[in-house]
Structure formats: C-alpha cells, structure tokens
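Open the model in your viewer and keep the selection tool handy. We'll make a few stops, picking residues as we go.

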Amino acid sequence: IKAIIRTARLSALQLLAVLAALRLDDKRSDNIESALTSLLDATEPRQEGVAVMERSYSSSTSNHLTSNTWEGVPSSETLITPVQCRTLWRQFKVETEYTISQALAAQEASRHSASWLPP
C-alpha cells in the first residue's frame, strides 16, 4: 500500500503541475513539476504510514513555493500560484490521510488475522 500511496501522490503532484500554468508553446521549459515533486520528497512515511513533514527543506524549494509567481512563467500565464499549490497540496494530504490510515489499518489487521493460529 505504501508504494501505491507514493505513486498516487506523485501523480497528483504531476497533475497539479500541469494545471498550474498555461503552456501553449512547447519550447519554454519551467521548473513547476520539480518544485512540486519536492513536496513529495519532503515527506517520509512513518512505520504506521502516516506522513510527517521533515524540517530540512532546502532553501531553494522553500523559496519556489513561497512566491506568487513561477520562475520563467509570466504572471499572465499562471493559473495556480506556488503558494496556492502548496496550500492545495496540504489540503489534499489532510483529506486523504484518513482513507490511507484506514487502508493501512485494514492491511495490518489482515496480516495479524492471517498469522493467528487457534490453540
């Protein structure tokens, strides 16, 4: 389940990166996806599967997500600002954490019931 969680969260961040700015011209590159995927790298699963924020953010990652504009993206083409993306990500994690903890608890209960032998 932990691998599924990481894959799903990575996909959600990639989708958020696509939605963050207009990209009508394929020649321009931006760092939106890498800045957002750093949010995923800044979390680590605990034994119980609950994500905890590490306090060791790199200053560049922190700066990218505290700005009101994306580096290399004109403000007229910004649909979701970095600050809004960070807020959306936090909200997404809060709203999905209960379901994730329930799935991990069910998996653990299944593991315990399968190893239980009658006397």
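Is phenylalanine 92 buried, exposed or partly exposed? Select the residue and show its surface: phenylalanine 92 is partly exposed, with a relative accessible area of 32%. Bear in mind that you're looking at a predicted model.

Next, add tryptophan 89 to the selection. This one is buried, at a relative accessible area of 4%. Both residues sit in helix α4, which spans residues 82-115, and being three residues apart there puts about one helical turn between tryptophan 89 and phenylalanine 92. An α-helix has 3.6 residues a turn, so residues three or four places apart point the same way.

Now show the two rings as sticks. The count of aromatic pairs comes to one. That pair is tryptophan 89 with phenylalanine 92: the ring centres are 5.4 Å apart and the planes are at 25°, so the pair is stacked, the cut-off for that being under 30 degrees.

Time to move to helix α2, residues 32-41. Seven of its ten residues are buried, so the helix is largely enclosed by the rest of the structure. To see them, select Ile32, Ala35, Leu36, Thr37, Ser38, Leu39 and Leu40.

Zoom in on one of these, leucine 39, in helix α2. Leucine 39 is buried, with a relative accessible area of 2%.

For the last stop, keep leucine 39 and add leucine 13. Along the chain they are 26 residues apart, while their C-alpha atoms are separated by 8.4 Å. Draw a distance line between those two atoms and you can check the 8.4 Å for yourself.

Methods: Residues numbered from 1 in each chain as written. Predicted model: local features only at pLDDT ≥ 70, side-chain atom pairs only at ≥ 80, totals over all residues. Heavy atoms only, no water. Buried < 20%, exposed > 50% of the residue type's maximum accessible area, 1.4 Å probe, protein only. Helix = DSSP H or I, 4+ residues; strand = E, 2+ residues; numbered from the N terminus. Phe/Tyr/Trp six-rings, centres within 6.5 Å; stacked < 30°, edge-to-face > 60°.
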